[in-house]
Amino acid sequence: MLRLEKRRQPSRAFAWATPVLAVVATMIFGGLLFAALGKDPLVAIRTIFWDPLFGQHAFYYRPQLLVKGGPLILIAIGLSLGFRAGIWNIGAEGQYILGAICGAGVGLAFYPMEGWFIFPLMVIAGALGGLVWAMIPGLLKVKFGTNEILVSLMLVYVAEQLLASVSLGLLKNPQGFGFPGSRNLQQYDSAHNAELIAGTGMHWGVAAAFIAVIFAYILLTRHQLGYHIRLTGEAPRAARFAGVSPTRLVLFCLGISGACAGLAGMFEVSGPAGQVTIDFNTGYGFTAIIVAFLGRLHPVGILLAGLLMALTYIGGEIAQSGLGLPAAAIQMFQGMLLFFLLAVDVLTGYRLRLGGATKEGEAA
Amino acid sequence: MKLTKRALMTGAAMALGLAATGPALAQDKTKVGFVYVGPVGDGGWTYEHDKGRQAVEEHFGDKVETVFVESVPEGPDSERVMTQMALDGADLIFTTSFGYMDPTINVAKKFPDVKFEHATGYKTADNVSVYSARFYEGRAVQGTIAGHMTESNVIGYIGSYPIPEVIRGINSAYIHAKKVNPDVQFKIVWAFTWFDPAKEADAAKVLIEQGADVILQHTDSTAPQAAAQEAGNVITFGQASDMAEYGPKPRVSSIIDNWAPYYIARTQAVMDGTWTSTNTWDGIGPGMVGIGEISDAVPAEVKAEALALKDALASGEYHAFTGPLKKQDGSDWLAEGETADDGTLAGMNFYVEGIEGDIPQ
C-alpha cells in the first residue's frame with residue numbers, strides 16, 4: 001500500500017525536481033488527451049515544445065517567446081515577493097490595466113509633440129498607476145484589516161470598467177470614426193516602445209523583466225528586507241519578535257507588485273499592443289500567478305517558468321492551426337501543468353512509502 | 001560572434017522573404033486561414049464564420065486546405081497567429097473580428113503576397129480587403145416583429161460594445177418597432193463582451209425583470225435565449241446564427257450571417273489570380289444577411305408584413321434609414337424621403353429620437 005510520510009525537512013532535491021516532474025507528467029497526460037482527440041501525441045507534443053524553438057520558423061517564434069514571456073515574468077516577480085511573505089495580491093490584472101491606462105494617457109497627452117522625455121514619463125506614470133491601484137487593498141488591509149485577496153480581485157473588475165470607459169471616451173482616437181480604442185502608439189515615435197534590436201523581440205518591457213529578476217534575486221539573498229519577507233512567510237511570529245513591521249511589509253509587497261504589473265501593462269500598450277482598447281487585457285495578471293508558483297517563487301525559477309508558459313501559448317497556437325487541435329484542449333493542457341505542479345509538490349514535504357506502516361510513520 | 005549573428009539575421013530575413021513568396025509557387029493547393037475571436041462552438045458569430053470555412057472546403061474539395069485558430073485575443077496574440085499562418089504558407093487569411101484591424105494591417109505589410117480579409121473594419125491596403133454585412137437590415141425586420149409582439153411595450157436590448165455597428169442595429173430596430181407601435185420603449189443593457197454566456201444571461205434577466213417581453217441581443221451566445229425560455233412569455237431572436245433549437249418560442253426569428261458565398265468567391269479570386277483589395281458591405285439582397293424562419297408564435301399578418309419588409313430591403317426599393325428622422329437630441333438628421341449615406345452609417349455614434357439613455361462614453 002502507498003502511504004505518505006511527512007519529511008522532517010522539506011526535500012531540497014524535490015523542490016527543484018517537482019517542476020520538471022510536473023512538465024513530464026503534463027506531457028504524458030496531455031499526450032493521452034491529444035491521442036484521445038485522434039491526433040498523434042508525439043507530433044502534438046513536438047509541435048508545442050519543439051517547433052517554436054527549433055522548427056522551420058523558429059527565427060520568428062524565439063523572439064515571440066520574449067514578447068509573450070516578458071510581461072508574465074515582470075508581473076510574477078512582483079507577485080512572488082508578496083506571496084513569499086503570505087501577502088496575496090490576486091489583482092495584478094487590474095494593476096496591469098491601470099498601468100497601461102496611465103502610461104498611454106501620459107503619452108497621448110503629449111500627442112503629437114515629439115520629445116525624448118515622453119517615454120520615461122510614461123514609464124513612471126505606468127508604474128505609479130499600478131502602484132496606486134495596489135495601494136487600495138494595501139491601505140484597506142493595514143487600516144481596517146480587510147482581506148487583500150478579495151479587494152485586489154474585485155478591483156480587477158473595476159479596472160476593466162475603467163478600461164472600457166477610457167477606450168470609449170477619454171482616450172478614444174478622435175480620428176477613429178467613432179470606433180472605440182485609442183490612437184496607435186506604434187505610430188507615435190516618442191511613445192513607441194519599439195524593439196531595441198529589430199527582430200529580437202527585445203523591447204523595454206523584456207529588459208525590465210530581466211532587471212526585475214536580478215533585483216529580486218539580490219533583494220531576497222542579500223538584503224535585510226528580503227530576509228524579512230522570507231521570515232514573515234516562514235515564521236510570522238518569529239518575524240514579529242525580530243522587529244518586522246507587518247504594516248510596512250504589506251504596503252511594500254503590494255506596492256512593488258502593483259508597480260511591476262503597472263510597468264508590464266505600460267510596456268505592453270506602448271509596444272506589442274499599441275492601443276488602449278476595451279479588450280486590451282488578456283489575462284497576463286492571472287497567468288502570472290501560475291508562473292510565480294511554477295517558478296517556486298524564486299526569481300530564476302520564475303524566469304524559466306515565464307518562458308515555459310510562453311512556449312505553451314505559442315506552441316499551442318501552432319498546434320491549433322497546424323494540427324487542428326481545439327483551443328480548449330490547449331487550455332486544458334496548460335491547466336494540467338498547474339495541476340500536476342501542485343500535485344507533485346506534495347513530494348517536497350512528504351515521502352512516498354510502500355508497504356506497512358513503520359513506527360516513524362505511525363508517529364507522523 | 002558578430003558575424004555569426006549577422007549571418008543568422010540575414011538568414012532569417014531571407015527565410016521570411018522566401019516564406020512570403022514561396023507558397024504560390026511551391027504548392028497547388030490554396031491554403032486559407034481563419035482567425036476567430038470566439039470558440040467555434042459559440043453557436044453565434046464564430047460558429048457562422050466556421051460554417052463559411054467548411055463551405056469553402058466543401059466547394060473546392062482537394063484544391064483547398066483550410067486552417068483556423070479559435071479564441072484568439074485581439075492585440076499582439078492575433079498578430080502572432082496571423083504571422084504564423086502566413087509563414088506556414090497561407091495564401092488568403094480571413095481575420096474575423098473588429099479588434100484584429102491594426103494587427104492585420106501590420107502583418108499584411110510583412111507579407112505582401114498573402115491576401116488578407118478583415119471583417120467589420122475600415123482599414124484597407126493593397127493586400128487587405130474589408131468586408132461586413134448590413135446587419136441593420138435584419139434589425140429592421142426584427143424591430144417590426146418586436147413592435148407587434150410586445151404586450152408590455154418594453155423591448156430589451158443586449159448591446160455588446162457601443163460601436164457603430166451595434167448602434168446602427170439599435171436604431172434600426174427602434175425605428176421599425178416604433179413605426180408599428182408608437183408606445184414602444186427600448187431598454188438597453190451594455191454587456192461589454194461579444195461572448196460571455198453568464199453575463200449575457202444576467203443582462204437578459206435584468207431586462208425581463210424590468211418588464212421587457214421581447215429581448216434583442218447583439219451578443220453571440222444562446223444564453224439570453226435560455227433565460228427567456230426559463231422566464232416564459234418572452235420572445236427572442238437568434239443572433240448571428242439561427243439558434244433554431246430555441247424555436248418556435250422564445251426564438252421567433254433570427255438574423256443569420258451567411259459568409260459562405262463571400263468566402264467561396266474570394267478564395268476563387270485568389271485561385272484565379274483576380275483578387276483585388278475591395279470594400280464589401282452586403283445586406284439581405286446579396287444573401288450575406290439572412291432572416292431565419294419566422295415561427296408560428298408570430299401571427300400570420302405580422303409575419304407577412306415582416307417578409308414584405310425583407311423583400312423591399314432585398315430589392316433595394318426601401319432603405320432601413322429613410323427620413324424623416326431626427327437624432328436623439330432633437331436635431332434634424334434625414335429629411336422626408338432622404339436615405340442615410342454609407343459614411344454616416346459606418347461611423348454612427350448617435351441614437352435616433354425617442355431612444356432613452358446615453359451611449360456609454
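**View 1. Thr236(B) has Arg251(B) as its bridge partner in β10(B).** A friendly word before going further: this is a predicted model. The pair belongs to the ladder between strand β9 (residues 235-238) of chain B and β10(B), which run in the parallel sense and are joined by 3 bridges. Follow β10(B) along residues 251-257 and you will find 7 of its 7 residues buried, so to speak a mostly covered strand.

**View 2. Strand β12 (residues 289-292) of chain B meets β10(B) in the antiparallel sense.** Here the two strands share 4 bridges. To find your place in this close-up, look for Asp257(B), which stands opposite Val289(B) of β12(B). With β9(B) pairing parallel to β10(B) and β12(B) pairing antiparallel to β10(B), this strand takes part in both kinds of pairing.

**View 3. Strand β6 (residues 154-159) of chain B pairs with strand β7 (residues 185-190) of chain B.** The two run parallel and are held in register by 6 bridges. One pair to pick out is Ile155(B) with its bridge partner in β7(B), Phe186(B). How much of β6(B) is covered? The strand is mostly covered, with 5 of its 6 residues buried.

**View 4. A right-handed β-α-β unit links β6(B) to β7(B) by way of helix α6 (residues 164-180) of chain B.** It is worth tracing the path from β6(B) through α6(B) to β7(B) on your screen. The strands at its two ends are the parallel pair of the previous view.

**View 5. Strand β8 (residues 214-217) of chain B also pairs with β6(B).** The sense is again parallel, over 4 bridges. A handy landmark is Gly156(B), opposite Ile215(B) in β8(B). Thus β6(B) has pairings with β7(B) and with β8(B).

**View 6. Domain 1 and domain 2 of chain B touch each other.** The domain assignment places residues 19-133 in domain 1, and residues 135-256 + 290-346 in domain 2. Their C-alpha centres lie 30 Å apart. To the contact, domain 1 of chain B brings 12 residues and domain 2 of chain B brings 13 residues. Which element gives the most on the side of domain 1? That is helix α2 (residues 45-60) of chain B, with 3 residues. By class, this side of domain 1 holds 6 nonpolar, 4 polar and 2 charged residues.

**View 7. Chain B and chain A meet through 35 residues of chain B and 32 residues of chain A.** On the chain B side, at least two residues each come from α1 (2-26), β2 (64-69) and α3 (76-87). Start your tour at α3(B), which gives the most to this side, with 8 residues. The classes here are 20 nonpolar, 9 polar and 6 charged residues.

**View 8. Chain A contains 16 helices and 2 strands.** Its radius of gyration is 22 Å, close to the 21 Å from the globule rule for 364 residues, so chain A is as compact as a globular protein of that length. Along the principal axes, the C-alpha trace of chain A spans about 75 × 60 × 35 Å. Buried residues account for 49% of the 364 residues in chain A. Among the contacts in chain A with a separation of 6 or more, 79% come from residues 24 or more positions apart.

Note on methods
Residues numbered from 1 in each chain as written. Chains lettered and ligands numbered in written order. Predicted model: local features only at pLDDT ≥ 70, side-chain atom pairs only at ≥ 80, totals over all residues. Domains from an automatic or database assignment. Contact = placed C-beta atoms within 7 Å. Nonpolar A, V, L, I, M, F, W, Y, C, P; charged D, E, K, R; others polar. Rg over C-alpha atoms; globule rule 2.2 N^0.38 Å. Buried ≥ 20, exposed ≤ 12 C-beta atoms within 10 Å, placed from the backbone. Pairing = 2+ DSSP bridges. Right-handed = clockwise from strand over helix to strand, strands pointing away.
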